[in-house]
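Subject: Structure handover and notes

Hi,

Here is the structure you asked for, with my notes underneath. Please have a look at it in your viewer as you read.

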There are 2 protein chains.
Amino acid sequence: MDPKALDQLLPFVLKRDNVARYEDGSVYIGDRRKYPFEKEFLRCDDVEDVARAIEDMVTQGGGPWVAAVFAMVMAAKRVEGKPLDEALDTLRKAKLRLTNTRPTNTAMARRLDDALRIAEKAGTEGLPIGQAILNWIRRTRDKVYENYEYRARLGAGLVDDGDGILTMCFAETAFILAMAFARQDGKNIHVYTPETRPYLQGARLTAPSLHELDIPVQIITDNMPAYVMSQGKIQKYFTAADLITLDGHVCNKIGTFQNAIAAHHHGIPYFVFMWGADPRSPDRASIKIENRDPAEIRACRGMPTTIDEIDAYYPAFDITPPYMVSGVITMHGILSPYDLKRHFGVA
Amino acid sequence: MDPKALDQLLPFVLKRDNVARYEDGSVYIGDRRKYPFEKEFLRCDDVEDVARAIEDMVTQGGGPWVAAVFAMVMAAKRVEGKPLDEALDTLRKAKLRLTNTRPTNTAMARRLDDALRIAEKAGTEGLPIGQAILNWIRRTRDKVYENYEYRARLGAGLVDDGDGILTMCFAETAFILAMAFARQDGKNIHVYTPETRPYLQGARLTAPSLHELDIPVQIITDNMPAYVMSQGKIQKYFTAADLITLDGHVCNKIGTFQNAIAAHHHGIPYFVFMWGADPRSPDRASIKIENRDPAEIRACRGMPTTIDEIDAYYPAFDITPPYMVSGVITMHGILSPYDLKRHFGVA
């Protein structure tokens with residue numbers, strides 16, 4: 001599908017330029033902390049601004065890598081005219097700073113490596129580094145959106161007329177498009193989105209995005225999925241993933257795992273939208289789970305949920321074992337989680 | 001244990017007079033919506049005030065029945081001197097209004113029936129009805145607290161040194177006392193309390209209550225229990241129940257069920273503190289689950305979590321099947337959920 005036509009199908013937060021864009025020397029990031037209450041962009045004037053924005057969850061899911069590679073463009077434009085060694089050294093430092101913002105997000109880390117390679121190549125060839133990264137981003141992004149569309153069509157094919165669908169957090173473009181395609185195909189669906197505490201991505205991003213596309217959706221709190229399943233209201237469970245190991249462990253937003261246990265208990269299949277498995281992550285032990293600031297658990301949109309002296313614990317992701325995963329929706333098809341190494345392992 | 005000594009052991013919200021009390025013609029209810037931010041009491045001047053307070057979740061768990069029977073005292077005092085038929089008719093209407101506030105709370109319904117019987121007996125014998133109900137409440141409450149203490153000691157016996165303990169919502173006096181007794185017995189414990197959306201009873205009531213007693217406690221969000229279990233941090237799961245059927249189905253705050261599925265998956269035993277099974281509830285089909293206002297899901301302590309036009313779904317309770325329940329901690333001991341009918345079924 002033509003990029004513009006695809007963008008038309010997408011809700012506000014997922015339209016290409018609303019995720020993140022480079023404009024007049026700055027990076028503008030769609031501020032997902034404020035959506036859907038306000039539709040604002042955060043302007044970042046240097047790499048540190050972008051790094052902090054990613055750490056502060058201004059964007060998440062498929063957003064950080066886009067913001068991060070645009071930050072590399074910004075850094076490259078700033079050092080144009082400097083000796084190549086100095087320029088590349090600055091970019092290497094930028095890459096390190098950006099990679100460290102979300103240790104679990106290996107997709108961002110890989111793309112930053114790619115951006116650095118593009119910079120090194122352009123620099124060696126005497127070409128403008130910033131423009132080279134920018135051209136590479138545009139090609140990469142087009143490919144990513146084609147990939148979203150392909151996987152969304154596979155996902156839509158898994159949906160039956162009348163299905164109740166559970167998701168978690170904000171499964172982004174592939175999932176939202178899959179629901180849109182299922183509707184276009186004449187299937188009636190009803191989506192349940194757990195609110196996804198503490199950042200409420202389900203309530204703030206997933207539900208308004210589906211609502212914008214006229215897809216029936218209801219928010220539930222994170223303690224409800226199993227009960228809704230027990231009522232027979234859920235037929236499929238779909239999420240995205242932050243990373244999948246070569247042996248099929250799915251690392252995603254905290255809560256994904258307990259929904260998967262409940263789905264498994266109720267005989268409901270669980271499908272994961274993901275480009276593929278991470279060749280650097282062979283198994284469960286290789287996953288580094290990010291623990292975030294406990295203070296975030298003691299508040300909800302800035303409103304305290306308890307008193308300050310109470311301790312809290314905030315692991316941001318969890319791990320679902322492969323035997324609970326019915327299929328990984330990739331560019332190679334809907335794969336068994338036990339067959340990922342053959343497709344994505346480094347030979 | 002002497003009532004005053006027991007009260008000393010309890011945290012603020014659970015001390016007898018802080019739950020609800022009758023004073024100078026009014027009922028004062030400890031406002032659990034405001035705790036722990038404010039320690040306030042809501043003054044109710046008639047039955048309708050108390051009914052609305054219960055509907056508005058001013059109190060919950062073990063609180064509603066106390067507030068409701070004190071409301072019967074208030075109603076009875078008002079009709080003193082009227083003809084008996086008229087007085088009892090007023091009390092019957094009061095009972096109906098109060099019973100309808102929380103259809104799932106059959107313990108409150110039974111106590112209101114008892115209060116009405118006390119009123120009828122006193123009225124027939126020409127005794128002051130209000131005082132008769134008040135005397136009955138005092139005896140009943142002493143018995144209830146003795147019962148809490150007995151069950152708490154049984155619960156404390158299930159705790160091993162070094163245990164990580166998961167709970168849900170606010171399991172009230174028996175659970176909190178069990179943790180206090182386990183500590184008194186020299187056992188090191190660490191409690192994880194899911195915040196329990198949308199009303200945050202875990203964050204607002206359970207965690208501050210345990211913290212007040214110097215018991216190590218951490219709040220987690222409702223999407224975390226399974227992951228915390230998978231880390232080996234949880235050895236026991238304890239909750240209270242709103243009702244247990246004669247065939248062992250546990251109806252409790254939404255989320256209890258999915259934690260029980262996760263506990264079962266991880267081989268963690270699940271124990272329920274409850275006076276016993278409800279003889280009026282033979283099986284799962286006899287449970288009426290209360291659906292509450294979806295608007296409550298779209299906010300957290302009054303702060304919107306999404307935009308108004310998004311639909312939400314709010315079942316307030318869920319049902320855990322008996323095969324996931326390791327024991328029901330009652331006055332008859334730690335019973336198998338499959339042996340409740342023999343103890344609590346009407347002959």
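In this predicted model, a turn of 180 degrees with a shift of 0.0 Å along the axis lays chain A on chain B with an RMSD of 0.0 Å. That is how a two-fold axis relates copies. The superposition is by least squares on the C-alpha atoms of residues with pLDDT of at least 70 in both copies. A:Asp222 is the residue of chain A that comes closest to the rotation axis, with its C-alpha at 2.7 Å. The copies meet through the same surface, because 100% of the interface residues of chain A are also interface residues in chain B.

A word on conventions: residues are numbered from 1 along each chain as its sequence is written, while chains are lettered from A and ligands numbered from 1 in the order in which they are written. As for the filters, local features need pLDDT of at least 70, side-chain atom pairs count only at pLDDT 80 or more, totals for chains, interfaces and linings use all residues, and side-chain values use heavy atoms, with hydrogens and water left out.

**Domains of chain A**

The domain assignment (automatic or from a database) splits chain A into domain 1 (3-146) and domain 2 (160-343). Taken over C-alpha atoms, the centres of domain 1 and domain 2 of chain A are 25 Å apart. Between them, 30 residues of domain 1 of chain A are in contact with 29 residues of domain 2 of chain A, where contact means heavy atoms within 4.5 Å.

**Around strand β6 of chain B**

Helices here are DSSP runs of H or I with at least four residues, and strands are runs of E with at least two, both numbered from the N terminus. Two strands pair if DSSP finds at least two bridges between them.

Strand β6(B) covers residues 217-220, and it has a partner from each chain. From chain A, strand β13 (residues 311-312) runs parallel to β6(B) and is joined to it by two bridges; A:Ala312 has B:Ile219 as its bridge partner. From chain B itself, strand β5 (residues 189-194) is also parallel to β6(B), with four bridges between them, and there B:Pro194 is matched with B:Ile220. B:Val217 and B:Ile219 point to one side of β6(B), B:Gln218 and B:Ile220 to the other, and all are buried. Buried means under 20% relative accessible area, exposed over 50% and partly exposed in between, with a 1.4 Å probe and protein chains only.

β5(B) and β6(B) also belong to a right-handed β-α-β unit with helix α9 (residues 201-212) of chain B. Right-handed means that, with the strands pointing away from the viewer, the path from the first strand over the helix to the second runs clockwise.

**Helices α9 and α8 of chain B**

The end C-alpha atoms of α9(B) are 15 Å apart, which agrees with the 16 Å that its twelve residues should span at 1.5 Å a residue; the expected span is 1.5 Å times one less than the number of residues. Ten of the twelve residues of α9(B) are buried, so the rest of the structure largely encloses this helix. Among the buried residues are B:Arg204, B:Leu205 and B:Pro208. The buried residues of α9(B) pack against α8 (172-184), β5, β6 and β9 (250-253) of chain B. B:Asp214, which follows α9(B), has a positive phi near 65 degrees.

α8(B) reaches 18 Å between its first and last C-alpha atoms, close to the 18 Å expected for its 13 residues. This helix is mostly covered, with eleven of the 13 residues buried, including B:Phe175, B:Met179 and B:Phe181. After α8(B) comes B:Gly186, with a positive phi near 85 degrees.

**Backbone details in chain A**

There are a few places to check in your own setup:

- The peptide bond from A:Tyr35 to A:Pro36 is cis, with omega near 5 degrees; A:Pro36 sits in the loop between β2 (26-30) and β3 (41-44) of chain A.
- A:Arg197 and A:Pro198 are joined by a cis peptide bond with omega about 0 degrees, and A:Pro198 lies in the loop between β5 (189-194) and α9 (201-212) of chain A.
- A:Leu200, in the loop between β5 and α9 of chain A, is not a glycine but has a positive phi of about 60 degrees; its relative accessible area is 1%, so A:Leu200 is buried.
- A:Cys169, also not a glycine, has a positive phi of about 55 degrees. A:Cys169 is in the loop between β4 (163-166) and α8 (172-184) of chain A and counts as buried at 6% relative accessibility.

Best wishes
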